[in-house]
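Hi everyone, thanks for making time. I'd like to walk you through one chain and how it meets its partner, so have a look at this.

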Amino acid sequence: MTVQARRDVFQAIADPTRRAIISLIASQSLNLNAIADNFDVSRPAISQHIKILTECGLIIIKQQGRERYCEAQLEPLAAVADWLAPFSSNWEYRFEQLDNLLTNMKKNKKTNKK
Amino acid sequence: MTQSKQLKVIAEPGKQELFVIRELDAPRELVFEAFINPTLLVQWLGPRNMKMKIDYFEGKSGGAYRYVHTDQNGNEYGFRGVIHEVLPPERAIQTFEFEGLLGKGYVSLDAAIFEALPGNRTRVTLHSVFRSVLDRDGKVAAGMERGISEGFSRLDELLAKK
């Protein structure tokens, strides 16, 4: 189950608008209108992003009087603190292959010189 | 004698660029050769669990390239571009596009910079500039999804053992 939840967080933050929404409300809770005002995207699109963020636990909606406020929940993000990690891991693998290749190339050069 | 081979990836929020930086324990000429000679390139550029095949690769200014990564299920991922400049042993600049995306034009301009370091070592800086922040984040996220599925397959293996 935890793996599923983590995957959802990855999906949530894969989208730049959703990342921007999280950073916008990280310091203060805002209602939907106030959030939408910060983006050049339609209100329904923002609603959809907020729905996804709510579903993966990065936002909780709190009713305050007539208004519904979005509050950021940053704990799930700890799981993906380094969102570059898998991309980095791919390049780490390639460079390790390259290290091996270069070692062989250096050996060959030496034997050729002899 | 422990010298840094730590990989550095820089992708600042809201920017269209991406840096991948790594030091290598070999002289610059050799490292440059491994980047520009297709018979050498094919030996290291393929991602984990993929087979790399070079369709064509003309490692010279004005040249073009195409290569394909094939995964264990036979899915093919094609990449292509043109080579803008090859300046041994300092710099190579090319365009890069993944053919599998819907629509065209998600191309980046990739510069590989090779710096000679003391002790016959080399620092490689791969600098990619994308047409939009979304393109860049998409590229990083693509790695992310692969990373996740790799994580899942490792988890599957682990669970299968129990």
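Let's start at the hairpin of β7(B) and β8(B), where three residues sit between the strands and Gly119(B) takes a positive phi near 80°. Do keep in mind that this is a predicted model. The two strands of that hairpin, β7(B) and β8 (residues 121-130) of chain B, run antiparallel and are joined by 10 bridges. If you want a landmark there, look for Phe114(B), which stands opposite Val124(B) in β8(B).

Strand β7 also has a neighbour in β6. Here seven bridges join β6 (residues 91-98) to β7 (residues 107-117) of chain B, again in an antiparallel arrangement. Thr95(B) is the one to click on, as it faces Leu109(B) in β7(B).

Now let's zoom out. Chain B contains eight strands and three helices, and read from the N terminus the order is β-β-α-α-β-β-β-β-β-β-α. Of its 162 residues, 19% are buried. Among contacts in chain B with a separation of 6 or more, 32% link residues 24 or more positions apart.

And finally, the partner. Which chain does chain B touch, and with how many residues? It is chain A: 28 residues of chain B are in contact with 25 residues of chain A. On the chain B side, the elements giving two or more residues are β2 (17-24), α1 (28-36) and α3 (133-161). The largest share, 11 residues, comes from α3(B). By class, that side of chain B has 20 nonpolar, five charged and three polar residues.

That's my tour, and I'm happy to go back to any part of it.

Key: Residues are numbered from 1 along each chain as its sequence is written. Chains are lettered from A and ligands numbered from 1 in the order in which they are written. This is a predicted model: local features need pLDDT of at least 70, side-chain atom pairs count only at pLDDT 80 or more; totals for chains, interfaces and linings use all residues. Two residues are in contact if their C-beta atoms, placed from the backbone, lie within 7 Å. Helices (H or I, at least four residues) and strands (E, at least two) are DSSP runs, numbered from the N terminus. Ala, Val, Leu, Ile, Met, Phe, Trp, Tyr, Cys and Pro count as nonpolar, Asp, Glu, Lys and Arg as charged, and the others, Gly among them, as polar. Two strands pair if DSSP finds at least two bridges between them. A residue is buried if 20 or more other C-beta atoms lie within 10 Å of its own, exposed if 12 or fewer, and partly exposed in between; C-beta atoms are placed from the backbone.
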